[in-house]
Amino acid sequence: MDTRRTILTGMALGAGMAALPALAQQGEIKIGEINSYSGLPAFTEPYRKGLQLAAEEVNAKGGVLGKKLVVITKDDAGKPADAVTAANELVSRDEVAMIAGAFFSNVGLALADYAKQKKIFYLAGEPLTDAMVWSSGNRYTFRLRPSNYMQAAMLAEEAAKLPAKKWATIAPNYEYGQSAVKVFKELLSKKRPDIEWVGEQWPPQGKIDAGPVVQAIAALKPDAILNVTFGPDLIKLVREGNTRGLFKGRSVVSFLTGEPEYMDPLKDETPEGWLVTGYPWNNVKTPEHEAFLKAYQAKFNDYPRLGSIVGYSLVNAAAAIIQKAGSTDTEKMIEAARGISFDTPFGKATFRAIDQQSTLGAFVGKTGVKDGKGVMVDPVYRDGADYLPSDDEVKKMRPQD
Amino acid sequence: MTPPLLQVEHLSKAYGGVHAVRDVSFSLEAGELLAMIGPNGAGKSTCFNMLNGQIWPDSGSVRIAGRDTAGLTPREVWRLGVGRTFQITATFPSMTVRENVQLALLSHEGRLWRLFGYAAADMRGEAERLCALVGMDRALDRPCAELAYGDLKRLELAVALANAPKLLLMDEPTAGMAPADRVAMMRVAAEIAAEQRIGILFTEHDMDVVFEHASRIIVLDRGRIIAAGSPAAIRDDPAVKATYLGEGLTFSAAEATHA
Amino acid sequence: MDFYFSQFLTGLAGAASLFLVASGLSIIFGVTRIVNFAHGAFYMAGAYIAWSLTERLEGAVGFWGGLVIAAIAVAALGALVEIVLLRRIYHAPELFQLLATFGVTLVFQDLAVMIWGPEDLVGRRAPGLRGAVDVFGQAIPAYDLFLIVLGPTVLGLLWLLFHKTRFGVLVRAATQDRDMVAALGVNQKWLFTAVFALGVFLAALGGALQLPRGGVNHAMDLQIIVEVFVVVVVGGLGSVPGAFVAALLVSELNAFGILVLPQVSLVLVFLVMAVVLVIRPFGLFGRPEGPARASVSATVRPWQPLGTSGRVLAVAAIAAAACLPLVAGNYILAVGSELLIFALFAASLQFIMSTGGLVSFGHAAYFGLGAYGAALVTKAFGLPMLGGIASGVALASIGAVVFGWFCVRLTGVYLAMLTLAFAQIAWSVAFQWTAVTGGDNGILGVWPDGWASRPGAFYWLCLTAAALGIAALRVVVFSPFGFAMRALRDSPLRSEAIGIDRKRTQWTAFVIAGAAAGLAGALFAYLKGSVFPDTLGIPTSVDGLVMVLLGGVETVSGAVIGAILFRALTIFLMSYTDASKLVLGLLIIVLVVAFPRGVVGTLSGLLARLGARPSATPAMAGSGQARGGTP
């Protein structure tokens with residue numbers, strides 16, 4: 001019943017924040033945050049807690065530019081068009097200093113394009129797609145989380161060390177899955193020209209028919225498998241794969257599986273020895289993270305998910321940008337944000353001037369089971385700055401202002 | 001020599017193992033009123049449905065003014081100048097009486113593909129004239145959904161006439177009407193047939209109507225024609241009597257009911 | 001060879017769970033003629049309750065008992081829904097039933113999150129069936145073998161039930177002729193309740209049986225419902241053996257299809273359905289539906305165009321709307337533009353549905369094609385906005401030409417399902433064909449030209465397009481062509497008999513509606529600045545249906561009011577609550593039960609009654625139009 005209370009808290013928070021603009025005062029700086037609260041509560045609730053914690057901490061230290069920092073959250077129901085409506089409301093009615101948020105890549109891209117059109121500062125949180133900062137990048141959009149490319153690069157680095165030569169891939173058939181496979185293949189093949197790609201499966205997102213997919217992959221007899229599925233699809237894939245012995249004697253590299261959001265539901269069935277990216281919340285022993293963890297657990301009586309990290313860091317980044325800009329003028333914020341360094345529970349991160357991608361990293365490790373729960377074994381933090389393409393390549397990909 | 005208005009030859013239709021219509025042949029001339037009678041299940045409606053393309057025969061042919069109708073749909077048969085009424089009336093319930101007739105007129109004129117123009121004002125006078133002809137001018141603006149059954153039958157006649165038909169197929173045109181109205185209804189039909197040289201084929205249970213208006217009668221039983229000829233000849237036909245006696249109904253009894 | 005055999009077995013196992021759910025839907029439809037959209041919700045409820053029970057009950061008995069108890073509990077819940085809700089709407093047009101059960105689905109979704117939390121749950125493995133069995137050197141999960149046996153077993157049990165028990169004989173009789181059963185002196189009400197509970201039981205059992213195959217989550221209802229619809233329609237509505245064969249067909253085609261073309265899963269089922277329906281318009285084992293019921297209730301009150309006062313009112317409303325940019329801010333103008341766009345979209349759906357009697361469950365296809373047409377041309381050729389809008393309308397029209405050609409071959413529920421299938425195919429193409437459509441990442445940067453870039457100017461553009469579009473649709477409704485559409489809706493038999501070409505007329509109607517929806521979609525693209533596959537999705541189609549229903553199906557253009565109210569409400573709800581689905585679901589249910597004639601229909605009915613009293617003329621009031629208010 002713990003979860004129920006969380007939602008109620010969340011709703012109250014949402015309602016409270018939504019009610020605030022009516023009392024808007026001179027002494028406030030508002031950030032308009034848009035996310036899929038109704039569509040993806042499992043991800044957005046921990047995220048919202050992260051926002052809340054950071055906002056309280058910022059305000060406890062005197063706010064930004066001497067004013068109170070207020071985060072207004074809006075639901076987008078997972079639809080880009082509704083996110084644009086919400087952005088319109090936040091910008092025109094609530095007069096926020098910047099918009100922030102999004103979970104889905106398409107929502108993020110819609111907001112980025114909106115920001116460009118309306119000349120609004122947009123701080124993206126979760127969206128992974130590389131297009132955000134490269135092919136569809138624009139000067140108004142900054143992105144926090146390590147991108148698809150960065151995660152692929154971290155995984156490919158480790159995958160290259162494996163003896164496996166024949167690789168097969170399983171990925172959800174939409175843009176995210178397609179580009180994850182493409183980048184991983186490119187990076188791994190560059191490091192290991194001897195690798196052979198023997199086949200791929202493209203189950204529809206959210207509707208995997210796991211039996212036939214597992215069987216089809218097994219028939220290819222690969223040495224290693226790249227998995228990009230997540231959520232309910234991953235659960236079904238793992239179960240079918242375990243039963244049918246697909247993973248036996250094979251290396252598996254899997255995107256995001258080490259994030260608590262995806263790993264926790266697997267419980268004792270978490271496959272062992274998969275090479276994953278993620279966030280081992282109880283195994284990060286840096287002072288920054290210890291402090292964050294303590295505050296988070298004290299406030300919410302729950303452990304943080306990766307979403308909490310993103311939400312928390314997002315508010316910290318926003319506060320740092322406004323503080324440095326000295327005003328909420330969009331152009332000044334852009335100038336300030338380029339190259340700015342800000343605090344996250346993983347340590348300092350920076351928004352690169354060249355593509356406005358943050359250098360926030362991720363943990364790479366192997367999956368394991370401990371006390372009936374999935375954990376990351378030997379996690380190592382990889383700084384995002386080390387897994388980005390060269391400036392020349394970025395310049396080629398990104399439209400110039 | 002001009003071919004007959006309607007010529008039916010060796011028409012047959014079976015459903016599963018049941019022969020609904022077997023080797024039926026007859027013809028009909030312009031201006032004639034041909035009655036098709038027979039007990040329930042004799043194959044009258046099946047026959048009718050084959051005449052206007054509702055269903056297609058297994059074998060045999062239907063010619064309208066010499067034109068073979070094989071493979072034609074009801075829509076195409078209508079274009080040949082055939083109007084039809086149904087045993088269970090089929091009208092447009094959400095439209096007024098006038099609009100029902102206007103629709104048929106507009107279809108006859110080939111105007112139903114016009115996307116502009118106010119249809120309810122189109123051919124209004126003509127529709128009202130046809131309604132008056134069948135005695136429906138008192139209810140021009142009433143929605144069809146509210147009409148009594150007898151009025152729907154009248155309306156169907158007006159709709160069929162909108163086609164300026166050469167041939168009228170009327171399936172039980174007077175069912176559900178008061179006895180006096182039945183005679184009046186058929187009188188209208190007979191007058192129109194005579195005036196405009198229309199051939200009418202009709203089925204009917206009411207023998208008063210049949211014997212008063214039909215110029216010829218064919219009798220169907222279990223899918224076959226068992227008798228054909230003038231009303232007087234049919235009245236005395238022993239096979240016909242046997243069939244109707246089998247149903248527990250005699251002509252005199254029928255007459256008595258409607259006297 | 002061994003591999004292909006095991007792939008075949010895997011397909012069989014998938015077919016079994018699909019069959020359970022589909023047979024329940026088919027049985028319910030056979031007797032009650034309700035297309036139960038909530039079937040997926042019951043499936044999900046079965047899975048959730050079974051999860052709770054199996055987490056608490058110990059051992060094998062606890063596990064299997066938990067599954068069965070869960071199914072029984074959900075069946076009881078289904079019976080309750082039938083008694084409280086469905087009994088009130090059995091005689092309503094099928095659209096109302098689809099929407100009411102869709103409302104139930106929305107409510108269940110939010111309730112599931114509130115009760116079981118937002119996170120995915122993993123089910124226990126089946127005791128005794130945890131491992132795999134070696135079949136010709138291939139490991140086949142023991143649980144799959146269990147499912148393979150279960151499918152035909154359930155089919156056999158259902159056969160026995162329907163042929164060897166009095167209940168079953170009554171059910172079969174009711175499937176053929178509902179009124180006959182009433183004449184037999186059987187309490188029809190309870191027969192319906194029992195049948196509904198049986199169908200729900202099968203759905204819930206299907207859901208509960210998913211536990212060992214993976215998890216439970218609050219999106220599984222919509223994931224299965226569309227596929228189950230396809231199976232039932234392919235098999236033939238009301239046919240249990242048909243559902244079995246169709247489930248087998250779909251599952252096996254999927255199992256082998258992905259070997260040849262791994263990307264095929266998403267569209268495969270819809271392609272199968274489209275092909276089957278074109279060859280056999282009533283599914284593999286279905287019988288033609290009787291002409292029992294109109295898809296949309298035919299109003300008994302003939303429609304009239306606007307009278308003088310109505311025209312004055314309409315012009316006044318447009319003039320008032322045109323003044324909005326003088327007083328409102330950017331956000332209100334953007335919302336206003338959106339309302340106008342959806343008013344046009346809803347009007348186009350109402351045109352095909354109320355005037356043409358063709359229930360489209362995939363109207364989003366034309367809206368989305370309009371949006372994509374505009375976006376693709378803008379990006380590829382850099383055409384100015386008006387060119388983009390024209391391309392959007394053109395692409396939507398082409399879509400309607402192609403889809404409509406197939407759809408008009410069918411009637412009733414089958415037609416509705418085929419429209420849904422085409423919309424899903426269009427969606428799949430947009431979602432997966434990343435190279436052209438950008439896939440899920442959509443097409444960005446579709447902003448209006450300079451002259452219309454200010455929110456006020458764009459609002460005026462939307463107002464002009466919506467007013468002209470809706471006016472044009474109204475002109476067609478009252479034109480000779482509109483008469484022909486209404487004739488076909490009222491009586492296809494009579495229409496054919498007076499020489500109206502049904503297919504061509506309805507096909508043309510599809511194209512007109514598609515073009516209007518495409519115009520709305522193209523404007524939507526420029527309003528949002530980007531286009532994504534969800535413009536083609538089922539929720540967009542359903543939104544349209546709710547708008548029409550809210551305004552009043554029996555009216556000529558009530559959807560305009562319906563669209564404005566509904567869209568404004570959703571924007572408001574989303575802005576102020578996270579439980580928008582719960583509120584919306586309840587709203588839909590209340591509407592269907594209490595106000596089946598919609599806002600405009602109810603109001604004009606009241607006005608007509610007031611107006612009719614003194615003159616005592618029977619309902620001559622124009623449906624929802626201002627003439628209704630003229631005494």
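I count a salt bridge when a side-chain nitrogen of Lys or Arg lies within 4 Å of a carboxyl oxygen of Asp or Glu.

**Ground rules.** I am working on a predicted model, where local features need pLDDT of at least 70 and side-chain atom pairs count only at pLDDT 80 or more, while totals for chains, interfaces and linings use all residues. Residues are numbered from 1 along each chain as its sequence is written, chains are lettered from A and ligands numbered from 1 in the order in which they are written, and side-chain values use heavy atoms, with hydrogens and water left out.

**Entry 1, B against C.** I looked up the salt bridges first and found two between chain B and chain C. Arg494(C) and Glu156(B) form a salt bridge through their side chains, at 2.7 Å, N to O. I also found 14 residue pairs in polar contact across this interface, both residues at pLDDT 80 or more. (A polar contact is a pair of N or O atoms within 3.5 Å; within protein, one must be able to donate a hydrogen and the other to accept it, and residues adjacent in sequence count only if both atoms are side-chain atoms.) On the chain B side that touches chain C, H3(B) has the largest share, with five residues. (Helices are DSSP runs of H or I, at least four residues, numbered from the N terminus.)

Next I took the buried area, the accessible area (1.4 Å probe) that two parts lose on being put together, summed over both. Chains B and C bury about 3100 Å² between them, with 67% of it on carbon and sulfur atoms. Arg75(B), Ser94(B) and Trp113(B) supply 21% of what chain B buries against chain C, more than any other three residues.

**Entry 2, A against C.** Here I noted 68 residues of chain A in contact with 71 residues of chain C, contact meaning heavy atoms within 4.5 Å. The buried area is about 6100 Å², and carbon and sulfur atoms give 55% of it. Gln215(A), Arg239(A) and Arg244(A) supply 10% of the area that chain A buries against chain C, more than any other three residues. I counted four salt bridges across this interface; Glu119(C) and Arg305(A) meet in a salt bridge at 2.9 Å, N to O. Polar contacts come to 26 residue pairs, both residues at pLDDT 80 or more. Helix H3 (residues 80-93) of chain A gives the largest share of the chain A side that touches chain C, nine residues.

Notes:
Helix = DSSP H or I, 4+ residues; strand = E, 2+ residues; numbered from the N terminus.
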